[in-house]
Amino acid sequence: MSERADRIIAALRSGHDHLTSLVRGLGAADLSRQSGATDWDVSQVLSHLGSGAEIGLAVLEGALDGTGPKDGDFNKSVWARWDAMSPEERAEGFVAANEALVSRYEGLEARTREELRIDLGFLPMPVDVPTVAGLRLSEFTFHTWDVEVAFDPAATLASDATGLLLDQAGLLIGRLGRADAVDGRPVQLAIRTTAPERSFGLVLGEAVALGDEPAQPDAVLSAPAEWWLRLTTGRHAPTYTPTSVALTGGPLTLDDLRRVFPGF
């Protein structure tokens, strides 16, 4: 468990350093550019990441000192303060807030990384460090793409985060997918990814779920792992879909899968 925490925290550090280097080169016009998130410009994505880092640090500190999570009013006050910032203040604030969160994770001793349980306030029980840090890595990686794609339509997810996110993809797949988006009988797909190479199954039935690759799939999706992850979070427009993505042998199209995963 501690080894997975180590890998996730290392990916949070490399992701922070990469996005920080990009953000520090952005001017006012760049920060106001449309991001990969439909309703946000680049500065608003950074505001979301910065406020999330501030809230995440408070949650982590609450677990470490035994005071528990903050109440909803705390979160609302953080969001209101970030919403009131200028684009330049959001960029600068993101760098500082996310550095503080990543540094705090890095400072956790091995035993703490193994044994600490964190109450997020919205789950039935406290969870371990890899789970909480992994959720932050997911949020951070996808929103980093939202920033990067504003300047490069061929942007991809960070390679050192992709394998880690694949390992935890089943955690939220039922919430991300809409089982009622495809009419007709249940469909079982084989998903085969590259970089890294993985194979597993996707079931579209009464719910959307991941499992083992079916022996006789209704269709096969072959894609870079990072695109598969982007598909599940709605970052899948044809403009952002590489030519190596292929869906073969079945009744569905890529547009059908895009409807299953509308994004957030």
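Which residue has its backbone oxygen 3.1 Å from a polar atom of the side chain of Arg235? In this predicted model, that residue is Thr233.

## The open sheet

The model contains an open sheet of 5 strands, arranged in the order S5-S4-S3-S6-S7, and the pairing within the sheet is mixed. The edges are formed by strand S5 (208-211) and strand S7 (246-248); each has a single partner strand, so one side of each lacks a neighbour in the sheet. On average, neighbouring strands of this sheet are turned by 25° against each other, direction ignored.

At the S7 edge, strand S6 (residues 219-224) pairs with S7 in the antiparallel sense, over 3 bridges. Within this part of the sheet, Val220 has Thr248 of S7 as its bridge partner.

## The helix across the sheet

Helix H10 (residues 225-232) lies across four named strands: S3 (187-194), S4 (198-204), S5 and S6. Relative to S6, helix H10 runs at about 110°.

## Arg235 and its surroundings

The loop between H10 and S7 holds Arg235. Arg235 has a relative accessible area of 4%, which is under the 20% limit, and therefore counts as buried.

The side chain of Arg235 is joined to the side chain of Asp146 by a polar contact of 2.8 Å. A polar atom of the Arg235 side chain also lies 3.1 Å from the backbone oxygen of Thr233. When neighbours within four places in sequence are left aside, Arg235 is in contact with Phe142, His143, Trp145, Asp146, Arg230 and Phe264. Asp146 thus appears both in this list of contacts and as the partner in the side-chain polar contact.

Technical notes: Residues are numbered from 1 along each chain as its sequence is written. This is a predicted model: local features need pLDDT of at least 70, side-chain atom pairs count only at pLDDT 80 or more; totals for chains, interfaces and linings use all residues. Side-chain values use heavy atoms; hydrogens and water are left out. Two strands pair if DSSP finds at least two bridges between them. Helices (H or I, at least four residues) and strands (E, at least two) are DSSP runs, numbered from the N terminus. Axes are lines fitted to C-alpha atoms, for helices over the stretch in contact, and angles run from 0 to 180 degrees between N-to-C directions. Contact means heavy atoms within 4.5 Å. Buried means under 20% relative accessible area, exposed over 50%, partly exposed in between (1.4 Å probe, protein chains only). A polar contact is a pair of N or O atoms within 3.5 Å; within protein, one must be able to donate a hydrogen and the other to accept it, and residues adjacent in sequence count only if both atoms are side-chain atoms.
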